[in-house]
Amino acid sequence: MLSIISRFNLFEKTIKNKRSLWQWVDDTFNRFDEERTKEIGSNLACAEWLMKNGAQVRFKGCKEFVSHYDCLTTGQDRSIKQLKIEQVYAGKEATISHIGFNYFKDCENISDIAFVGCHTINNKALNKLQILKNCLTSLKISSCVNISDEGILDIEYLQLLNHLELKNIQFKNQIKVIDHLKSKLPQCNIIFSE
């Protein structure tokens, strides 16, 4: 019969293994697939990656967001291959991470991204947003618990931003970070609140 301490240790190992398993699943679903991108094009491959991981996209010329990648046909339909992502929304259900941000490469119409309660977004992800520095004009980050001052400071490289909204970020030094961004992005309207 196992002692209470032995049971606790076994329980603790099981919890850690489950976390490792889910981390492995998330990493696998976020892994960049260069062959798939060549096959169907950057925008469609990026849309598949985003939706497969719980995010939503809005294509240029469309009013509605699309949230399920099975809705996209990937055959020889030229109109599908001509779709260009314009907006990305990653909420609480999304599991996108920096591992997949290479999908953003060559998606030159993405002008608006919102990360709202997306716990898989971290400082590395914000650093990799530089991939979109030539098109991203609006960014919203709200209640993303794995983002710190360091990640927010990397936003300075997004020189085309004209709108930045930061809500419920656990800043260590909010005044210093916001002042820094205002100096580096003078044309950007920065809205922030706790």
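What share of the 194 residues in the protein is buried? Buried residues make up 41% of them. The model is a predicted one.

**Overall make-up**

The protein contains seven helices and six strands. Read from the N terminus, its elements follow the order α-α-α-β-α-β-β-α-β-α-β-α-β. The accessible surface amounts to about 11300 Å², and carbon and sulfur atoms account for 51% of that area. Among contacts with a separation of 6 or more, 71% are between residues 24 or more positions apart.

**The sheet**

The six strands form an open sheet of mixed pairing, in the order E1-E2-E3-E4-E5-E6. Its edge strands are E1 (56-59) and E6 (189-193), each of which pairs on one side only. On average, neighbouring strands of this sheet are turned by 5 degrees against each other, with direction ignored.

Three of the strand pairs are set out below.

| Strand pair | Sense | Bridges |
|---|---|---|
| E2 (residues 85-90) and E3 (residues 112-116) | parallel | four bridges |
| E3 and E4 (residues 138-142) | parallel | five bridges |
| E4 and E5 (residues 163-167) | parallel | five bridges |

Individual residues can be followed across these pairs. Between E2 and E3, Val88 has Ile113 as its bridge partner. Val116 stands opposite Ser142 in E4. One step further along the sheet, the bridge partner of Leu139 is Leu164 in E5. In a regular strand, side chains alternate between the two faces of the sheet.

**Helices and the sheet**

Which helix joins E3 and E4 in a β-α-β unit, and what is the hand of that unit? The helix is H5 (residues 123-128), and the unit is right-handed. The two strands of this unit, E3 and E4, are themselves paired and run parallel.

Two further helices are described by their placement on the sheet. Helix H3 (residues 42-52) lies across E1 and E2, and runs at about 15 degrees to E2. Helix H7 (residues 174-184) packs on the sheet and touches E5 and E6. The direction of H7 makes about 170 degrees with that of E6. H3 thus lies across the edge strand E1, while H7 touches the edge strand E6.

**Summary**

In outline, the predicted model has an open six-stranded sheet of mixed pairing. A right-handed β-α-β unit is made by E3, H5 and E4. H3 lies across E1 and E2, and H7 packs on the sheet at E5 and E6.

Terms used. Residues are numbered from 1 along each chain as its sequence is written. This is a predicted model: local features need pLDDT of at least 70, side-chain atom pairs count only at pLDDT 80 or more; totals for chains, interfaces and linings use all residues. Side-chain values use heavy atoms; hydrogens and water are left out. Buried means under 20% relative accessible area, exposed over 50%, partly exposed in between (1.4 Å probe, protein chains only). Contact means heavy atoms within 4.5 Å. Accessible areas come from the Shrake-Rupley method with a 1.4 Å probe; for residues, only the protein chains shown count as cover. Two strands pair if DSSP finds at least two bridges between them. A crossover is right-handed if, with the strands pointing away from the viewer, the path from the first strand over the helix to the second runs clockwise. Axes are lines fitted to C-alpha atoms, for helices over the stretch in contact, and angles run from 0 to 180 degrees between N-to-C directions.
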